[in-house]
Amino acid sequence: MENNQKIILGSHVGMSGKDMFLGSAKEAVSYGGNTLMVYTGAPQNTRRKDTKDCNLTTGWNYLEEHGIDRIVIHAPYIINLANTLKPETFSLAVEFLEKELTRSIDFRSDILVLHPGSHVGEGVDKGIAKIVEGLNAVMTKDMPCKIALETMAGKGSEIGRSFEELAAIYEGVKYPENLRICFDTCHTHDAGYDIREDFDGVMGEFDRIIGKEQIAVFHINDSKNPLGAAKDRHANLGAGYIGFDALYRIVHHSDFCGIPKILETPWVCDEENPGKTRAPYREEIERLLG
């Protein structure tokens, strides 16, 4: 099912240098998107600029001048709430997630995307219990920013490869109303859900287990791997096993009008500068909106 209403579509953008968030805003607008996703700092470490130094006001002024009023924040990869082996890793994850929630609010985002975590060999049940413990430590009843658990590909000991695993986290937390889902097309395909041939069937299963209304954001990515490969390797739109037509149908699906869709596809070779790469997002957004 397609819809004729406004599609909310953008991409992951960077944030660095003097401009900080203003640079993020300019990058997003240059691609022709009407939303964006950004990390509040490097995804692989805990070093962060104070949000007062991130140029948030001028960045938001620029976005609003160009009709953008919603953004998504992605939590860094180093947060692993599922680690049961190293108490220090779990403590860091809880502390840092709490800070990222505060930063997300400062950035005026109501969605913080989070990889649920990896159980590092201790088993899914123990990992889920630890995730629940960590979420309960940071979530409050009236928190203005929801945590969107990302659907995962099933690589290694990742938790979130099935809808049932995500549902178990919902069932364990004290404030499930403050959880949401980030539905990643590459990840769900790699986890074995046939969104290429039967997206509506997959959504029916998701609705039965979690509820379609829980999807707060989509990551729109093709996959370099066949269905169920559990490898998580993103491909550009139409260059993978999901295919452009299936991704187009997902972006335009009437059940998810108003839900932000974010591209995380790989950078491509820059024809004008051999040996360098560039973002493909302007062309991919144009194709999806065409």
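This passage describes how the strands and helices of a predicted model are arranged.

We can begin with the strands. Strands of a sheet pair through backbone hydrogen bonds, and this pairing can be either parallel or antiparallel. In this model, eight strands close into a barrel, and their pairing is parallel. Going round the barrel, the order is E1-E2-E3-E4-E5-E6-E7-E10. From one strand to the next, the twist averages 30 degrees.

Strand E1 is a good place to see how the ring is joined. On one side, E1 (residues 9–12) is linked to strand E2 (residues 35–38) by three bridges, and the two strands run parallel. Within this pair, His12 stands opposite Met37 of E2. E1 also pairs with strand E10 (residues 261–263), again through three bridges and in parallel. Here Leu9 has Lys261 of E10 as its bridge partner. To get from E1 to E2, the chain passes through helix H1 (residues 21–30), and this β-α-β crossover is right-handed.

The helices come next, beginning with helix H3. This helix, made of residues 87–106, lies across three strands: E3 (72–74), E4 (111–114) and E5 (146–150). Relative to E4, H3 runs at about 145 degrees.

How do the helices pack against one another? Two packed helices are described by the angle between their axes and the distance between the axes. For H3 and helix H4 (residues 124–138), the axes come within 9 Å and cross at roughly 40 degrees. This angle makes H3 oblique to H4. The crossing of H3 past H4 is right-handed. On the H3 side, the residues that meet H4 are Phe90, Val94, Leu97, Glu98 and Leu101. Their counterparts in H4 are Lys130, Glu133, Gly134, Leu135, Ala137 and Val138. Sorted by class, the residues of this contact between H3 and H4 comprise seven nonpolar, one polar and three charged.

H4 also packs against helix H5, with the two axes 9 Å apart and an angle of about 45 degrees between them. H4 is therefore oblique to H5. Their crossing is right-handed. From H4, the contact draws on Val124, Ile128, Ile131, Val132, Leu135 and Asn136, which meet Glu165, Ala168, Ile169 and Gly172 of H5. The contact of H4 with H5 holds seven nonpolar residues, two polar ones and one charged residue. Leu135 of H4 is worth finding in the structure: this residue is listed in the contact with H3 and also in the contact with H5.

H5 (residues 163–172) has a further neighbour in helix H7 (residues 195–209), where the axes come within 10 Å and cross at roughly 25 degrees. H5 and H7 are therefore roughly parallel to each other. The crossing of this pair is right-handed. Phe163, Glu164 and Ala167 of H5 make the contact together with Val202, Glu205, Phe206 and Ile209 of H7. By class, five residues of the contact are nonpolar and two are charged, with no polar residues.

Definitions and conventions. Residues are numbered from 1 along each chain as its sequence is written. This is a predicted model: local features need pLDDT of at least 70, side-chain atom pairs count only at pLDDT 80 or more; totals for chains, interfaces and linings use all residues. Side-chain values use heavy atoms; hydrogens and water are left out. Two strands pair if DSSP finds at least two bridges between them. Helices (H or I, at least four residues) and strands (E, at least two) are DSSP runs, numbered from the N terminus. Axes are lines fitted to C-alpha atoms, for helices over the stretch in contact, and angles run from 0 to 180 degrees between N-to-C directions. Contact means heavy atoms within 4.5 Å. Angles under 35 degrees count as roughly parallel, over 145 as roughly antiparallel, 65 to 115 as roughly perpendicular and the rest as oblique. A crossing is left-handed if the near helix is turned anticlockwise from the far one by less than a right angle, and right-handed if clockwise. Ala, Val, Leu, Ile, Met, Phe, Trp, Tyr, Cys and Pro count as nonpolar, Asp, Glu, Lys and Arg as charged, and the others, Gly among them, as polar. A crossover is right-handed if, with the strands pointing away from the viewer, the path from the first strand over the helix to the second runs clockwise.
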